[in-house]
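Q: Could you show me how to read a protein model, one feature at a time?

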Amino acid sequence: MNKWLCCPWAIAVGTFFLILLDQVTKELAVRFLKGQDPVIIWNGVFELRYLENRGAAFGMLQGQRIFFLVIGLLVFGAALYFFRYVSEDRYFWPLRMIAIFILAGAWGNMIDRLRLSYVVDFFYFRLIDFPIFNVADIYVSVGTAVLAVLILFYYKDEDLNRLMEKRKKEKS
């Protein structure tokens, strides 16, 4: 059970399906929200509102397409390195799951930038005037937050030292 987190093809398939979910939701946003009034889900709290974001998270770094492509490639390279060398110990599977979500989020938005020159965003929390975001942003933000919690409160220093034990064994 859950051994799939160590299998390269399964990691690729999982990442693909997360990216597919992101892309389908963005296509639905284009089809049903673009050029339309926002869809109110909870009045004054949450709505679906179409936005073409040419920047990073929360609209920062507008128009820096090449920069985002380079970042996407670096995330991909880091993920490949991580999956190649991280311990396959079940204890580290949460980190593998987080890596899959962060990779899928980065690539979901990179696909938009390559295809459209902008990222489709559509979730809006009006109550707190939170910037409009999408499913890929959720993958990256929640994955990063869970990673921080795990590193701060779950994994100990000695655990993190064991994390790359496959790499250490190959060097010896």
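Here is a short conversation about the core, a helix and some charged pairs.

A: Gladly! This is a predicted model: local features need pLDDT of at least 70, side-chain atom pairs count only at pLDDT 80 or more, and totals for chains, interfaces and linings use all residues. Residues are numbered from 1 along each chain as its sequence is written, and side-chain values use heavy atoms, leaving out hydrogens and water.

Q: Which residues have the most contacts inside the largest nonpolar core?

A: In soluble globular proteins, nonpolar side chains tend to be buried together. A nonpolar core is a set of buried (under 20% relative accessible area, 1.4 Å probe, protein chains only) Ala, Val, Leu, Ile, Met, Phe, Trp, Tyr and Cys residues joined through side-chain atoms within 4.5 Å. Here the largest one has 32 residues, and F83, L95, F122 and F123 have the most contacts inside it. Helix α3 gives the largest share, six residues.

Q: Where do R31 and E27 lie?

A: An α-helix has 3.6 residues a turn, so residues three or four places apart point the same way. Both R31 and E27 are in helix α1 (helices are DSSP runs of H or I, at least four residues, numbered from the N terminus), four residues apart. They form a salt bridge (a side-chain nitrogen of Lys or Arg within 4 Å of a carboxyl oxygen of Asp or Glu), with the closest N and O atoms 3.8 Å apart.

Q: Is R31 buried or exposed?

A: R31 counts as exposed (over 50%), because its relative accessibility is 54%. E27, at 37%, counts as partly exposed, the class in between.

Definitions and conventions:
Helix = DSSP H or I, 4+ residues; strand = E, 2+ residues; numbered from the N terminus.
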